[in-house]
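Please go through the structure below element by element, keeping the coordinates open beside the text. The account moves from an enclosed helix to its neighbour, then to a pocket, and ends with a hairpin and some loop residues.

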Amino acid sequence: MSQIQFRKSLKTSDVIALAFGAMIGWGWVVLAGGWVQSAGLIGAILAIFLGGLAMLFIGLTYAELAASMPVTGGEHTYTHRAMGIHISFLCSWCMLFGYLAVVAFEAVALPTVVEYLIPNYNQGYLYNVAGWDVYATWVLVGIIGSILVTWLNIRGIEVSSWFQKLTVFGILSVGIMLFIGALLFNPEAGFDRVPTFTENKWSGIMSVMIMIPFLFVGFDIIPQAAEEIDLTRPKIALYLMISLIIAVVWYMGVAWSVGSVLDMTQATESKLATADAMTLAWNGKWAGTLLVIAGILGILSSWNAFLIGGSRLIYAMSKSYMLPAFLGKLHPKYNTPATAILLLGSLATLAPLFGRKMLVWLVNASGFGVIIAYMLVALAFLVLRIKEPTSMVRPIIIPLGQTVGVIAVICAIAMASLYLPGSASALTPMEWAIFAGWMVLGVVLYIYALNKFPGKSQAFMDEEIHAVKTKNQQWLKEQGIPSRAFEK
């Protein structure tokens, strides 16, 4: 097996910024009004807490596996070791769908946000897609943003991680201002507060929970870039969980801030509820503008992180003969999977041409794929606990592992059910068509790869697992840990 030549350059702050920045995109700015409108103040917070708790159980399975198998591609390797090459492809393909959708959507979110800062900047009407008017200036902003983020990623993980830390620092600074403003906010007499719960209590809570996969997808970027992380294995797992916890607290804090500052009418009518809450809390338009700028930083941080994660997953799939070989090439100077980055960047560059409505369908459909991937990782965690209870080196061992694994699987299934027909938040026919089209494309590519390279995918992945086991034994020796320590 050829040696992967990624540079180990990601430190503690890089890892947390990467995962947190991936999870905190633009949604916290534009969706918070809908949360409190649908579920009420406490209902929205409860929905995020319950959804976040489910993600934490799934995150625990990732944490143990990432520490044991710190290889590029993450779940690509976990699922193969547990359940074989076919499940590995299914899991990776579903996760790649989510990464691609977010990267494409950010190229549409950016020009949409700019209109808040520059009213009526949309000029040069082109056409209408699914009820959305597409303008030349709107498309141009998305294209410029895509080219910038793609270029940063090609230049190297050091450059993109520096950019990530800068954007996350800006988001956190403004977010803290929002929370402080909401704490100090003194509404006028007769202020019609957002109710604790809406009339349809559980229906409202479920309508917020359907957004959980979209809000929290991104912590899994850490396993994708594991070979570029210069931390001990236990710390990789630790910071994965810390980033998830910070994101849960962040979203709950945003929901509380918006619900505490806006009344129900304002929350319902606002286009950017979080920005309007910031304006009221600090009694100045400048505050709302500052928050929108933080939202733009959120778009860029999420965009950057998913380009990193998506390109590493494509790289791993290419090296294992599941995707074309040229996608597995590293840049000779920057040691980045440049062709994979260019592929994702090119798709993002084209995304604004399809309008916002089409991209919303794409994101919704991809959320179902992400949940399938999470469920398969949780299953892999359980299978490996049964299949290799003593032979698999686990630098961290999650207490009550099998119970945690079962809960993680149940949580994933429960979240997946929210997308199914009969649910109040089920996917639309168009979204099901998009999901089906992606899966058909995957089947075609996979069958082609199996026929063109018979047996090579299996052989490569088996060799990678063997290399992981060898490195794990070396790690045990370096740490002075006897192998029997993992026999409990």
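In this predicted model, the buried residues of helix H5 are covered by a set of elements that includes helix H4 (41–68), H6, helix H11 (221–224), H15, H17 and helix H20 (456–479). Helix H5 spans residues 75–83, and because eight of its nine residues are buried, H5 is largely enclosed by the rest of the structure. The buried residues of H5 are Glu75, His76, Thr77, Tyr78, Thr79, His80, Arg81 and Ala82, a list in which charged side chains such as Glu75 and Arg81 stand beside nonpolar ones such as Tyr78 and Ala82. After H5 comes Gly84, which has a positive phi near 100°.

Helix H6, one of the elements that cover H5, is mostly covered in its turn, with 26 of its 33 residues buried. From its first C-alpha to its last, H6 reaches 49 Å, which is close to the 48 Å expected at 1.5 Å a residue. Within H6, which runs over residues 85–117, lies Ser92, and this serine counts as buried because its relative accessibility is 0%, where the cut-off for burial is under 20%. What does Ser92 contact, once its neighbours within four places in sequence are left aside? The partners of Ser92 are His76, Leu313 and Met317; of these, His76 is one of the buried residues of H5, while Leu313 and Met317 fall within the range of helix H15 (285–319).

H6 also takes part in the largest pocket, where its eight residues are the most that any element gives to the lining. The volume of this pocket is about 1200 Å³, and its lining comprises 47 residues, among which Val30, Leu31, Phe105, Arg356 and Val360 lie nearest the centre. The elements that give two or more residues to this lining are helix H1 (12–23), helix H2 (27–30), helix H3 (32–39), H6, helix H9 (201–209), helix H10 (212–216), helix H15 (285–319) and helix H17 (355–387). By class, the lining divides into 29 nonpolar, 12 polar and six charged residues.

The strands S1 (residues 125–129) and S2 (residues 132–135) pair in the antiparallel sense over four bridges, and in this pairing Asn128 has Asp133 of S2 as its bridge partner. Two residues stand between the strands of this hairpin. In the loop between S1 and S2 lies Ala130, whose phi is near 50°, a positive value in a residue other than glycine. With a relative accessibility of 42%, Ala130 counts as partly exposed.

Another positive phi in a residue that is not a glycine belongs to Asn283, at about 55°. Asn283 sits in the loop between helix H14 (273–282) and H15; is it buried or exposed? Asn283 counts as exposed, because its relative accessibility is 71% and the cut-off for exposure is over 50%.

A last loop residue, Thr428, lies between helix H18 (401–417) and helix H19 (429–452), and at 32% relative accessibility Thr428 counts as partly exposed. The C-alpha atom of Thr428 is separated by 8.3 Å from that of Trp361, although the two residues are 67 places apart along the chain.

Technical notes: Residues numbered from 1 in each chain as written. Predicted model: local features only at pLDDT ≥ 70, side-chain atom pairs only at ≥ 80, totals over all residues. Heavy atoms only, no water. Pairing = 2+ DSSP bridges. Buried < 20%, exposed > 50% of the residue type's maximum accessible area, 1.4 Å probe, protein only. Contact = heavy atoms within 4.5 Å. 1 Å grid on protein atoms, 1.4 Å probe; cavity = no way out; pocket = protein on both sides within 12 Å on 5 of 7 lines; lining within 4 Å. Points joined across faces, edges and corners; volume = space filled by probe spheres on them. Expected span 1.5 Å × (residues − 1).
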